[in-house]
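Got your viewer open? Load the model, give it a slow spin, and follow along one selection at a time.

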Amino acid sequence: MRVELDEPKCVASGQCVMAAPEVFDQRDEDGIAFLLVEKPPADSLDDVREAVAICPAAAIRLVDQ
Ligand code: SF4
């Protein structure tokens, strides 16, 4: 599984970082999220799914590849 983050959609809310800090971080300058890993390990997928569900901008997708 691969994570896609649509940066232009991100509103810098930080929910993804709280849900999955091993996968997401935020830029210091503007709070926009970025990926620490594009293909998270299996034991992080539940955290990523939570981030997908709670992102207020619907900016995160988990794709099957
Ligand atoms: S939860 Fe969504 S809007 Fe908030 S920082 Fe993460 S990607 Fe950006």
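## Stop one: the ligand

Select the ligand and look at what surrounds it. The shell of residues here is made up of 10 nonpolar and 3 polar ones, with no charged residue in it. Keep in mind as you look around that this is a predicted model.

How many residues surround the ligand? There are 13, and the closest are Cys10, Ser13, Gly14, Cys16 and Cys55. Show those five as sticks. As for where the ligand sits, it is in the largest cavity.

## Stop two: the whole protein

Now zoom out and switch to a cartoon view. You should be able to pick out 2 helices and 4 strands. Trace the chain along its sequence and you'll meet them in the order β-α-β-β-α-β.

What size of box do the C-alpha atoms fill? Along the principal axes, it is roughly 30 × 20 × 15 Å. The radius of gyration is 10 Å, and that agrees with a compact globule, because a globule of 65 residues would come out near 11 Å.

Colour by burial if your viewer can do it: of the 65 residues, 35% count as buried. Contacts also reach across the sequence. Among those with a separation of 6 or more, 56% join residues 24 or more positions apart.

## Stop three: the loop between strand 1 and helix 1

Go back to Ser13, one of the residues closest to the ligand. You'll find Ser13 in the loop that runs from strand 1 (2-5) to helix 1 (15-19). Is Ser13 buried or partly exposed? Its relative accessibility is 36%, so Ser13 counts as partly exposed.

Next, select what Ser13 touches. Beyond its neighbours within four places in sequence, Ser13 is in contact with Gln26 and Pro56. Then try a distance: from the C-alpha atom of Ser13 to that of Arg49, 36 residues along the chain, the gap is 17 Å.

Click on Ala12, which is in the loop between strand 1 and helix 1 too. Check its backbone angles: Ala12 isn't a glycine, yet its phi is positive, at about 60°. With a relative accessible area of 27%, Ala12 is partly exposed.

## Stop four: the loop between helix 2 and strand 4

Jump to Ala57, in the loop joining helix 2 to strand 4. Which residues does Ala57 touch, leaving aside its neighbours within four places in sequence? They are Lys9, Cys10 and Val11. Cys10 should ring a bell, as it was listed among the residues closest to the ligand.

Add Glu4 to your selection as well. Ala57 and Glu4 are 53 residues apart in sequence, while their C-alpha atoms are 13 Å apart in space.

Now pick Ala58, which sits in the loop leading from helix 2 to strand 4 (60-63). Ala58 is another residue to check for its backbone: its phi is near 50°, a positive value in a residue other than glycine.

## Last stop: Ser44

Finish by selecting Ser44, in the loop between strand 3 (33-35) and helix 2 (45-54). Why does Ser44 count as buried? Its relative accessibility is 6%, and the cut-off for buried is under 20%, so Ser44 falls in that group.

To see what is around it, show Glu22 and Val23: these are the contacts of Ser44 once its neighbours within four places in sequence are left aside.

Notes
Residues numbered from 1 in each chain as written. Predicted model: local features only at pLDDT ≥ 70, side-chain atom pairs only at ≥ 80, totals over all residues. Heavy atoms only, no water. Near = heavy atom within 4 Å. 1 Å grid on protein atoms, 1.4 Å probe; cavity = no way out; pocket = protein on both sides within 12 Å on 5 of 7 lines; lining within 4 Å. Sits in = over half its atoms within 2 Å of the grid points. Nonpolar A, V, L, I, M, F, W, Y, C, P; charged D, E, K, R; others polar. Buried < 20%, exposed > 50% of the residue type's maximum accessible area, 1.4 Å probe, protein only. Contact = heavy atoms within 4.5 Å. Rg over C-alpha atoms; globule rule 2.2 N^0.38 Å.
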